[in-house]
Amino acid sequence: MDIKSEIACFAGTQGVYTHASDACGGKMTFGLFMPEQARLGPVPVLWYLSGLTCTHENAMIKAGAQAWAAEEGIALVFPDTSPRGADVADDEAYDLGQGAGFYVNATQDPWAPHFRMWDYVADELPALLGGEFAVDLERQSITGHSMGGHGALTLAMARPAQYRSVSAFSPICNPMGSDWGQKQLTAYLGAKSSAWETHDASHQMLEKGFDGPVLVDTGTQDPFLDLLMPETLAFSMAKRRQNGHLRLQPGYDHSYFFVSTFMEDHINFHAEALYAE
């Protein structure tokens with residue numbers, strides 16, 4: 001692991017690191033905020049998965065999460081959104097290829113050799129952090145924005161023993177239910193099959209739910225609202241009687257102005273679960 005930068009931040013450290021990834025078959029970059037409390041012992045971990053076209057930097061710089069994480073004594077992890085490099089497949093469209101990994105393990109060419117973000121986020125990167133930093137992997141939670149909200153919800157429901165709580169900002173809720181979502185699922189996972197179901201939050205919520213609390217915020221002025229389809233997740237949560245809240249926030253859009261406005265709520269929500277006995 002190589003240190004790209006380590007900067008003092010709210011009495012803790014905001015770092016950026018690179019490492020060789022077996023899961024993604026190349027070099028990966030991630031951001032990590034370690035609060036001051038980590039000097040005394042391992043701290044709980046909150047994963048933040050970013051959205052389409054983003055890198056590890058977007059939320060690290062724009063979300064305002066470090067102040068609240070420092071107050072609660074929580075480490076924040078900002079993985080990249082996909083593998084990158086000249087030998088990694090890409091596409092001219094913003095919603096496929098580099099920057100648009102969708103947190104799946106691709107099975108189709110040309111994506112399969114590198115696009116294994118599910119394994120990277122769920123297994124490889126936690127193992128690396130556990131060996132290098134004072135983090136408590138028995139206390140993990142996960143959140144994300146847009147494509148990252150989709151990833152956070154689907155990972156949490158597939159790995160309920162790994163995450164104590166899950167939240168999302170403007171998540172893609174029902175990719176199986178739109179032509180746009182089916183485009184990526186087909187490209188990465190092949191023609192419609194049971195493989196899609198694991199990566200559809202509304203379907204997974206109806207079928208499995210989540211053992212812990214759920215918090216979802218979406219803005220009513222989000223220009224992508226028809227693609228996000230929060231109503232499908234709301235239906236699934238109500239049908240399953242899921243422990244959680246799905247909030248439509250009047251006047252807010254899809255931007256980091258929206259994310260940063262409600263970040264304190266989300267950090268506090270996760271802190272309650274992460275520090276529960």
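# A walk through salt bridges, rings and a pocket

The side chains of R247 and D265 meet in a salt bridge, with 3.1 Å from N to O, where a salt bridge is a side-chain nitrogen of Lys or Arg within 4 Å of a carboxyl oxygen of Asp or Glu. This contact links distant parts of the chain, since R247 sits in strand β9 and D265 in helix α10 (residues 256-274), 18 residues apart; helices (H or I, at least four residues) and strands (E, at least two) are DSSP runs, numbered from the N terminus. R247 is partly exposed, with a relative accessible area of 27%, and D265 is partly exposed as well, at 34%, given that buried means under 20% relative accessible area, exposed over 50%, and partly exposed in between (1.4 Å probe, protein chains only). Salt bridges that share partners join D217, R247 and D265 into one network.

The structure is a predicted model, in which local features need pLDDT of at least 70 and side-chain atom pairs count only at pLDDT 80 or more, while totals for chains, interfaces and linings use all residues. Residues are numbered from 1 along each chain as its sequence is written, and side-chain values use heavy atoms, with hydrogens and water left out.

Side chains of opposite charge can pair when their charged atoms come close. A search of the whole structure finds 8 salt bridges, and among them is the one between D80 and R84, at 2.7 Å from N to O. Its two partners can be told apart by their exposure: D80 is buried, with a relative accessible area of 6%, whereas R84 is partly exposed at 31%. Another salt bridge joins D136 to R139, the closest N and O atoms being 2.7 Å apart, and here R139 counts as buried at 16% relative accessibility.

The aromatic side chains offer a second set of contacts. The structure holds 12 aromatic pairs, where rings of Phe, Tyr and Trp (its six-membered ring) pair if their centres lie within 6.5 Å, and planes under 30 degrees apart count as stacked, over 60 as edge-to-face and the rest as tilted. F102 and Y188 form one of these pairs, a tilted one, with 6.4 Å centre to centre and 50° between the planes. This pair links distant parts of the chain, with F102 in the loop between β5 (75-79) and α3 (117-132) and Y188 in helix α5 (residues 179-189), 86 residues apart. F102 is buried, with a relative accessible area of 6%, and Y188 also counts as buried, at 1% relative accessibility.

Y188 has a further ring partner in F115: the centres of these two rings lie 5.7 Å apart and their planes stand at 25°, so the pair is stacked. Here too distant parts of the chain are linked, F115 lying in the loop between β5 and α3 and Y188 in helix α5, 73 residues apart, and F115 counts as buried at 1% relative accessibility. Ring pairs link F102, W111, F115, W180 and Y188 into a cluster.

The backbone has some features of its own. Most residues other than glycine have a negative phi, and most peptide bonds are trans. The peptide bond from D109 to P110, however, is cis, with omega near 5°, and P110 lies in the loop between β5 and α3. A11 has a positive phi, near 70°, and is placed in the loop between β1 (2-9) and β2 (12-21), where A11 is partly exposed with a relative accessible area of 43%. R241 likewise has a positive phi, near 60°; R241 lies in the loop between α9 (230-240) and β9 (244-249) and is exposed, with a relative accessible area of 77%.

The cysteines can be described by what they do not form. A search of the whole structure finds 0 disulfides, a disulfide being a pair of cysteine sulfur atoms within 2.5 Å. For C9, the nearest cysteine sulfur is that of C54, 19 Å away, and C9 counts as buried at 16% relative accessibility. C54 is in no disulfide either, the nearest cysteine sulfur, that of C24, being 17 Å away, and C54 is buried, with a relative accessible area of 8%.

Last comes the largest pocket, which is lined by 13 residues, of which L52, Y94, S146, F224 and H254 lie nearest its centre. A pocket is defined on a 1 Å grid over the protein atoms alone, as an open set of points where a 1.4 Å probe fits, with protein on both sides within 12 Å along at least five of seven lines, and lining residues have an atom within 4 Å of a point.
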